[in-house]
Amino acid sequence: MTTTSPRATPRIDPVHTQLQYQVAVFARRLEQVRTSDGVGALDRAAYLLLDRLERHGPANIKTLADCLGIDSSTVTRQVAPLVGAALVGRVRDPADRRAVRLALTPLGAERLAEVRSGREELISRLLDGWPAEEQRAFCALLARFNGSLESYAAGPEAVPAGP
């Protein structure tokens with residue numbers, strides 16, 4: 001697969017034509033790398049759930065769903081194999097003894113650290129030779145783009161119009 005995109009039509013901005021294509025190539029290649037060399041042996045959903053629990057501590061299903069921008073039933077389905085693999089455990093909610101929260105287990109923390117380290121090593125290899133300024137700019141722009149995607153998912157009218 002090449003990284004050059006189809007030509008823009010007169011009605012479409014050529015940068016947008018190229019960018020939509022590059023985003024599609026990025027998503028495809030990221031998945032190829034994840035499944036081919038074990039760098040991301042946790043799928044995206046598991047990685048994000050474990051990361052959230054590590055950074056913010058135990059949470060209930062609704063809190064996780066809200067933070068990840070998905071519905072509670074999806075979180076329930078995604079968490080089940082993590083609980084089964086002992087990467088996530090159920091703990092009592094100190095505010096409500098009847099309620100249960102999900103927490104990262106020591107095994108989950110270890111697995112997350114391994115996967116994160118592998119991903120960081122891969123990123124380091126991929127960006128080897130890029131000037132530090134370009135690496136920071138790429139990170140900032142990708143974060144901004146992800147922010148726009150998050151806003152769009154919340155409601156297309158919420159996406160800021162410009163800088």
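A nonpolar core is a set of buried nonpolar residues, taken from Ala, Val, Leu, Ile, Met, Phe, Trp, Tyr and Cys, that are joined through side-chain atoms within 4.5 Å. In the predicted model described here, the largest such core holds 17 residues, of which Leu42, Leu50, Leu64, Leu82 and Val88 touch the most other members. Two or more residues of this core come from each of H2, helix H3 (61–68), H4 and H5. The greatest contribution is that of H2, which supplies five residues. In soluble globular proteins, nonpolar side chains tend to be buried together.

The chain as a whole contains six helices and two strands. Read from the N terminus, its elements follow the order α-α-α-α-β-β-α-α. Of the 163 residues in the chain, 23% are buried. Among contacts between residues at least 6 apart in sequence, 40% join residues at least 24 apart.

Two packed helices are described by the angle between their axes and the distance between the axes. For H2 and helix H5 (residues 106–126), the axes come within 10 Å and cross at roughly 115°. H2 is therefore roughly perpendicular to H5, and the crossing of the two helices is left-handed. On the H2 side, the contact is made by Tyr47, Leu50, Asp51, Glu54 and Arg55, and on the H5 side by Gly108, Leu112, Val115, Arg116 and Arg119. By class, the residues of this contact comprise four nonpolar, one polar and five charged. Leu50, named above among the core residues that touch the most other members, is thus also one of the H2 residues in the contact with H5.

Asp51 illustrates this contact at the level of a single residue. Asp51 lies in helix H2 (residues 44–56). Its relative accessible area is 12%, and Asp51 is classed as buried because this value falls under 20%. When neighbours within four places in sequence are left aside, Asp51 is in contact with Leu112 and Arg116, and both of these partners belong to the H5 side of the contact between H2 and H5.

A second helix pair is formed by H3 and H4. The axes of these helices come within 8 Å and cross at roughly 105°, so that H3 is roughly perpendicular to H4. In this contact, Ile61, Lys62, Leu64 and Ala65 of H3 meet Ser72, Val75 and Thr76 of H4. The residues involved divide into four nonpolar, two polar and one charged. Leu64, another of the core residues that touch the most other members, has further partners: with neighbours within four places in sequence left aside, Leu64 is in contact with Leu49, Arg52, Leu53, Ala59, Val75 and Leu102.

Two residues of H4 were also examined for their exposure and for their separation from Ile61. Thr76 is part of helix H4 (residues 72–84). Its relative accessibility is 43%, and Thr76 counts as partly exposed because this value lies between the limits of 20% and 50%. Thr76 and Ile61 are 15 residues apart in sequence, while their C-alpha atoms are 6.8 Å apart in space. Ser73 is likewise found in helix H4. With 42% relative accessibility, Ser73 counts as partly exposed. The C-alpha atoms of Ser73 and Ile61, which are twelve residues apart along the chain, are separated by 8.5 Å.

Terms used
Residues numbered from 1 in each chain as written. Predicted model: local features only at pLDDT ≥ 70, side-chain atom pairs only at ≥ 80, totals over all residues. Heavy atoms only, no water. Helix = DSSP H or I, 4+ residues; strand = E, 2+ residues; numbered from the N terminus. Buried < 20%, exposed > 50% of the residue type's maximum accessible area, 1.4 Å probe, protein only. Contact = heavy atoms within 4.5 Å. Axes fitted to C-alpha atoms, helices over the stretch in contact; angles between N-to-C directions. Parallel < 35°, antiparallel > 145°, perpendicular 65-115°, else oblique. Left-handed = near helix turned anticlockwise from the far one by under 90°. Nonpolar A, V, L, I, M, F, W, Y, C, P; charged D, E, K, R; others polar.
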